[in-house]
Structures are given as C-alpha cells and as structure tokens.
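Student: Please take a close look at one part of this model. Start with a single sheet, and then work outwards from there.

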Amino acid sequence: MRSEETKLKSLALRLGADLVGITTRDILADGPPSADPRYLLPSANSVISLAVSLDKDSLQDFICKKSWEPHCHDRKAIAKRLYTIGDALAETLRADGYDAVNVDLNNNYRPEESAADLTEMTEFHPDFSHRYGALAAGIGRLGWSGNLLTREYGARVELGSVLTSAALTPDASIPDEDHPCDKCKMCSRVCPVEMIHPKASMQVTVAGITETLSRKQSNTRCWIGCTGYEGLAPSGTWSNWSPYRLGRPLPGEKEALDALCIRLQKADPQMQGPDNSFSNYRQAVFDPEWFYYTVCGFCRSVCAPRREERLANRKLIINSGTAALKLDGSHVVAEADACEMATPYGLRVVVPRGELTKKPKKIRRWPGQFPLDREVIRYLRREAASSGENCIAD
Ligand code: SF4
Ligand code: SF4
C-alpha cells in the first residue's frame, strides 16, 4: 500500500508541481514567527511545500524588455496551478481525516500594531512563509537575495504550501555542500532600489540551518521597487518595468523610507478599491479579467541555476533600457526623447513623446485597467486636453 507521503507527492507532481517536499512543525520550530504553521492551523504537524518553475522564454523576454505581458500571464497561470494543486492536496488530507489549509500564495500579512490598514504596513510578515517551508522541506536553500533557490531552477520558481495535522515523514534539507547560492551577488546588481546590500550580511536560522543573507533593510524599500513606485536604477540608465519615478534618491533611514511608502500607498488608487488583490489574492488569481501586474522581481529573475547564466542575465537587465507608459495602458521601452511628467500620486511618470497629441484610443481592457496606470492615463489625457501640450511640465 502506498504511504500517505507518496500519495500526496504523486498527486502534486501529476497536477503540475515541479518540486514537492515535506517538513514538520517540530523541524520549523527554531525559525522566525512566520515559520510556525500553527498561526494558520493550530493543529498543524506537517507542511507540504510546492514549487513550480517560471517559463524561461517569457522570463528572458521580460528581463531584456523584449516583452512585458507574457511573464505576467505566466505568473498568473502558475498561481492558478499552485492553488489548484494545494486545494487537491488539502481535500485529499481532509478525506483521510486530517485538518488541512492551503496557504494563500501572496498578499497575506500578519497584522501590525501600528498599522490601521494595509496602506500603513511596513513589515509585511506573512501568515506562513513559503520560503521557510521550502527550505525545511528540502526544496531549496535561501540565497544572498533572501529568495529561495532550487538546484534545478535557481530562484526562478513560485512557491506554495499546504499545512496539515497529519504527522508526515519529513524530507531531508539540502546540505551546505550542495547550496545553490555561490554568492555571485548578481541579485544585488539588478535591484533598482538597492534593497540587496552587496557586502553587509545577516543570518537567519530555520530547520537547524543557518543561512547568511544580505543585510536586511526596511521591507518598504522592496515594496517601493516591486510595486513600481520607483523603477529607475541609481545609474539612471535602466529600470525595471515600472514607468514611475520618485525623482530623488530614496531615504536611507527606515523611518523616512517607511513614511514615504505609507504616503505613496495612501495615494495609490490600487490600494483604495475594495476588490483589489490585497483583499483577496485567490479571487484575483481566478478572475479571468485580472492582470497580474508585475514590474520587478529582478533579484529572482536574474538568479538562474548556472553562474554564467546569472552573469548574462545581469547584462541583459542593465542593458535593457527604461520603461515608459503608453496611453493604451501598455508598458514599452522608453525612447531617448520620452517625457517625464508629474502626476497627482506623488510620482512622476515616463510617457513616450507624442502620446498625448495622438487621437485618444480606447484604453485596452488589460493591462490598461491596472488602477494606478488607469488613473494616471485619465489624468494625463485631461491635462493634455486642457493645455494642448505634448509634454506637461511641473
Ligand atoms: S544571484 Fe548569486 S548571490 Fe544572488 S541569490 Fe542568486 S546565486 Fe546567490
Ligand atoms: S523585487 Fe525588485 S525591488 Fe524588490 S528586492 Fe527584488 S529587485 Fe529589488
């Protein structure tokens, strides 16, 4: 007769997981609070960790700015797959008499005392950390970037986790001699907001493993870069896929950075809607109309399994140019004469020159309806109509 572990792993692989591993609550007990599965499932004894690899072709096109949307679509398809696999595992476990929770894939953070709502959050500690679960379950190890690195795909994976009261047999973690991170530091070189320090380090211990990572800065720094409030690298020669600019260096102090992030989030139309992906990520992922707006993740995207690939990926990124917002909602590579224009959202936006003098076309349904892009486009059109200008000055 097949063991429970074999049955669950076979099911996960059959439904499209690339990697699956098991760990236990006891093994995770030495980790940070977000390694504790009992926060979501008080009866939890075990964790099934899942990984699905990103599509390599669309990811390469994304990092060299050949095309933006295919990688966004791939991330959405993978999220749907991970939810589906997790649901099937949880249903199987419940049918066998156990408790089970399929952990939300993203955007679920533990309440913060000083934050009245999401717009005031600055720490972003997840209910359960998929990375810690995957580390303990032998799926990968934490790299310098803090991302989970697998031997098979590097950091180019999406993760999921199922918590259960079943006492499952754990898998072995990856030993130090097989650690996939060689400290090449390419992740530090491709972060437009310099979140990943190239030299200063810190340590984190989970599952008896002590990982040495880049020194952690305020999470709001990554939030600013990854949400897209600032996409431009300090060199000014390349950006992620965000067309937005803060127009000044980011503050170095945590308090000032957190305050800036809160201001930006409060002004961001994305944060105001009751049905945004932050209130219900699963619902967003299964909504056929929802566009998985992705502008960064470069620290993960650069990190392929082989060092030569990582060096090449870094070159692709820093030679990819900068992003601009077209008024149909698409993101494109900015030409040298692109305009940088003020918006009412505390951000400036880069727009191809001549966009505002074109006869307005209907905004494409997707991705033109991403709330911040959509409102900025409406604002620019109104301003252009009233000023008759091609580029709007401050
Ligand atoms: S890019 Fe290099 S240093 Fe950074 S996590 Fe990957 S392997 Fe480690
Ligand atoms: S996701 Fe982007 S902004 Fe955040 S740490 Fe990675 S490269 Fe930097």
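**A sheet and its surroundings**

Tutor: Three strands in the order 9-13-12 form an open sheet with antiparallel pairing. Strands here are DSSP runs of E with at least two residues, helices are DSSP runs of H or I with at least four residues, and both are numbered from the N terminus. Two strands count as paired if DSSP finds at least two bridges between them. Strand 9 and strand 12 are the edge strands, each pairing on one side only.

The model is a predicted one: local features need pLDDT of at least 70 and side-chain atom pairs count only at pLDDT 80 or more, whereas totals for chains, interfaces and linings use all residues. Residues are numbered from 1 along each chain as its sequence is written, while chains are lettered from A and ligands numbered from 1 in the order in which they are written.

Strand 9 (residues 244–245) runs antiparallel to strand 13 (residues 348–351), and two bridges join them. Tyr244 has Val349 of strand 13 as its bridge partner, and Arg245 is paired with Arg348. On the other side, strand 13 pairs with strand 12 (residues 339–342) over four bridges, again in the antiparallel sense. There Cys339 stands opposite Val351 of strand 13. Strand 12 and strand 13 make a hairpin with five residues between them, and Gly346 in its turn has a positive phi of about 75°.

Val351 also leads to the core. It is listed with Leu50, Ala51 and Cys187 as having the most contacts inside the largest nonpolar core, which has 106 residues. Such a core is a set of buried Ala, Val, Leu, Ile, Met, Phe, Trp, Tyr and Cys residues joined through C-beta atoms within 7 Å. A residue is buried if 20 or more other C-beta atoms, placed from the backbone, lie within 10 Å of its own, exposed if 12 or fewer, and partly exposed in between. Helix 4 provides the largest share of this core, eight residues.

Leu50 and Ala51 belong to strand 2 (residues 46–53), which eight bridges join to strand 6 (residues 157–164) in antiparallel fashion. The bridge partner of Ala51 in strand 6 is Leu159. Helix 4 (residues 69–95) packs on this sheet and touches strand 2, strand 3 and strand 6; the direction of helix 4 makes about 20° with that of strand 6. Angles run from 0 to 180 degrees between N-to-C directions, with axes fitted to C-alpha atoms, for helices over the stretch in contact. Beyond its neighbours within four places in sequence, Leu50 is in contact (C-beta atoms, placed from the backbone, within 7 Å) with residues including Leu82, Ile85, Gly86 and Leu159.

The sheet itself is open, has four strands in the order 1-2-6-3, and is paired antiparallel. Strand 1 (19–24) and strand 3 (100–102) stand at the edges with a single partner strand each, so one side of each lacks a neighbour in the sheet. From one strand to the next the twist averages 20°. Helix 1 (residues 4–14) lies across strand 1 and strand 2, at about 145° to strand 1.

Cys187, another of the core residues with the most contacts, returns in the shell around ligand 1. That shell has 15 residues, of which Gly143, Trp144, Cys181, Cys187 and Cys303 come nearest. A residue is near a molecule if its C-beta atom, placed from the backbone, lies within 6 Å of it. The ligand 1 shell divides into nine nonpolar, two polar and four charged residues, with Ala, Val, Leu, Ile, Met, Phe, Trp, Tyr, Cys and Pro counted as nonpolar, Asp, Glu, Lys and Arg as charged, and the others, Gly among them, as polar.

The shell around ligand 2 has nine nonpolar, two polar and no charged residues. Among them are Cys191, Cys222, Cys226, Cys296 and Cys299. Helix 7 (219–227) and helix 11 (298–301) each supply at least two residues of that shell, and helix 7 gives the most, with three. Nine of the nine residues of helix 7 are buried, so helix 7 is largely enclosed by the rest of the structure. Its buried residues pack against helix 8 (254–267). Just after helix 7, Gly228 takes a positive phi of about 105°.

Technical notes
Contact = placed C-beta atoms within 7 Å.
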